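Me: I'm new to reading protein structures, and I'd like to understand the words people use for them. Could you go through this one with me?

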Amino acid sequence: MYDRALQALVKLALEPEWEARFEPNSYGFRPGRSCHDAVEAIFKAIRQKPKYVLDADIAKCFDRINHEALLGKLNTFPTMRRQIRAWLKAGVMDSDKLFPTSEGTPQGGVCSPLLANIALHGLENHLRQAFLSSNAPILIRYADDFVLLHTNLAVVHRCQLLIADWLHGIGLELNSSKTRLAHTLIRHETEEPGFNFLGFNVRQYRVGKYQSGKTSHGKLLGFKTRITPSKKNVLLHTEKLRQIIAAHISATQESLIDHLNPVISGWANYYSTVVSSETYSEVDNNLYHQLRAWANRRHPNEDLHSVTRNYWLVNHSGWVFASRKEGSLSTLRLRKHSETQITRHLKVQSTRSPYDGDLIYWSTRMGKHPQLAKRVASLLKAQKGKCNYCGLFFRDGDKIETDHIVPKSLGGKNNYDNFQLLHRHCHDVKTADDLSAVGIQELDVDYLNKNPF
Ligand SMILES: [Zn+2]
């Protein structure tokens, strides 16, 4: 616990300095940036021109980073350097055995992702400087996962050598069996067009003039860029839904819906910024058949019509898997993937960081995060990005919770007008005040918001 707290302090001390230096196309484990920004950066890089892509994998990145190279790059004051070196060399406990760590960053350490980003910092600029600015390749990196894009195959080949050489300097190498060279539009040697990145499939297609994208001057491009959920992730998600249904063979319908809904909305929201409608329908359709089997199995002697009537309702969007028990329909209804609204994600501005002090830019941006629950997003907007208790702007990384303005214990309702967003610590204080006002001792904090900040 002591070490974790200390690592969090070290991260707080180092991060602002490095955030000011980090490269524009590094998106992983950085405040205010997400996978969606990385994917949007790829879209921008190829939408006007198809490109070759080097889809690279660094072999065991986190385990192999050279300690001396990392400490040299950190170039920090002696006390800090000694502490970080001690963590790097501390070793790993596996059951009762201690394994030495002569390379790599501490596994699961609070500041490890930052240390890895520091180790990999400079690669993007290194490549850019090796070429004329008009011919520079684009490197888009998410932690240790990156893609390199360029129209010219020879440039990509040369970059591969430059990358391998640069990585060697910090003790790393490309995993040649997992590194793939392809093209976004055409077949390259034996490789199909397109590539996968962060669970997304990026690919371009030749199309006729009616579907073709246009250049900024209105000229037809003759191709179209499509970013969709990757096949592998669709299969993983379908399998997860299947397992939840299998684990609820004899549970109530309400319990099954309660377990499926967060998985469905989490997955659907992740893909809500790209071309996902077709995939959503396929997954919904597949889920429908699994739920049919689940329901039929529970009532082997009933005819299909009465089983359907027991578990499905009809509303404006067609058939809905919903419980007929008394209570609020919205909580007892299965969410459909296809209800998810598709909204293009606005990429973070190139070298921006939440440490730049532009609190309005960052709090507005937070409300538009694709993985943020709708209610939280609209409250954030209504509150102009500020906590109603302390009046400070919410910042990326803050724990935010939904509070009942009039507590439920005092008859407060579960509706929009009675909700507000507070910092978790402000919420705790407010709830304690609410309760002591009515003489209740026990805290009843509802963690309504399970969003990751
Ligand atoms: Zn607050």
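Reply: Happy to! Let's begin with a term: two strands count as paired if DSSP finds at least two bridges between them. Keep in mind as we go that this is a predicted model.

Me: Then what makes β8 and β9 a pair?

Reply: Set the value against the cut-off of at least two bridges. Strand β8, residues 200–206, is joined to β9 by 7 bridges, so the two are paired, and they run antiparallel. One example is R206, whose bridge partner in β9 is F223.

Me: What holds such strands together in general?

Reply: Strands of a sheet pair through backbone hydrogen bonds, either parallel or antiparallel.

Me: Which strands belong to the sheet with β8, and in what order?

Reply: The order is β7-β8-β9, an open sheet of 3 strands with antiparallel pairing. Here β7 (195–197) and β9 (223–229) are the edge strands.

Me: Why are those two called edge strands?

Reply: Each of them pairs on one side only. From one strand to the next, the twist averages 25 degrees.

Me: What packs on this sheet?

Reply: Helix α2, residues 35–46, does, touching β7, β8 and β9. The direction of α2 makes about 165 degrees with that of β9. As angles run from 0 to 180 degrees between N-to-C directions, that value lies towards the upper end of the scale.

Me: How do you know that β1 pairs with both β5 and β6?

Reply: The same test works here: at least two bridges are needed. Strand β1 (residues 52–57) shares 6 bridges with strand β5 (residues 145–150), and β1 has 4 bridges with β6. Both counts pass the cut-off, so both are pairs, each in the antiparallel sense. As for single partners, D55 is matched with V147 in β5, A56 stands opposite F146 in β5, and Y52 has H183 in β6 as its bridge partner.

Me: Where does β1 sit in its sheet?

Reply: The order is β4-β5-β1-β6, so β1 lies between β5 and β6 in an open sheet of 4 strands with antiparallel pairing. The edge strands are β4 (138–142) and β6 (180–183), each pairing on one side only. Neighbouring strands are turned by 20 degrees against each other on average, direction ignored. Helix α8 (residues 153–168) packs on this sheet and touches β1, β5 and β6.

Me: Why is β1 described as largely enclosed?

Reply: Because 5 of the 6 residues of β1 are buried, the strand is largely enclosed by the rest of the structure.

Me: Is L148 buried or exposed, and how do you know?

Reply: A residue is buried if 20 or more other C-beta atoms lie within 10 Å of its own. L148 has 25 such neighbours, so L148 counts as buried. This residue lies in strand β5.

Me: What does L148 touch beyond its sequence neighbours?

Reply: Leaving out residues up to four places away in sequence, L148 touches V53, L54, A56, P137, L139, V156 and C159. L148 also belongs to the largest nonpolar core, which has 66 residues. Together with A38, V39, I42 and V147, L148 is among those with the most contacts inside that core. Apart from it lies another core of 11 residues, including W362, L380, C387 and L422.

How values were computed: Residues are numbered from 1 along each chain as its sequence is written. This is a predicted model: local features need pLDDT of at least 70, side-chain atom pairs count only at pLDDT 80 or more; totals for chains, interfaces and linings use all residues. Two residues are in contact if their C-beta atoms, placed from the backbone, lie within 7 Å. A nonpolar core is a set of buried Ala, Val, Leu, Ile, Met, Phe, Trp, Tyr and Cys residues joined through C-beta atoms within 7 Å. A residue is buried if 20 or more other C-beta atoms lie within 10 Å of its own, exposed if 12 or fewer, and partly exposed in between; C-beta atoms are placed from the backbone.
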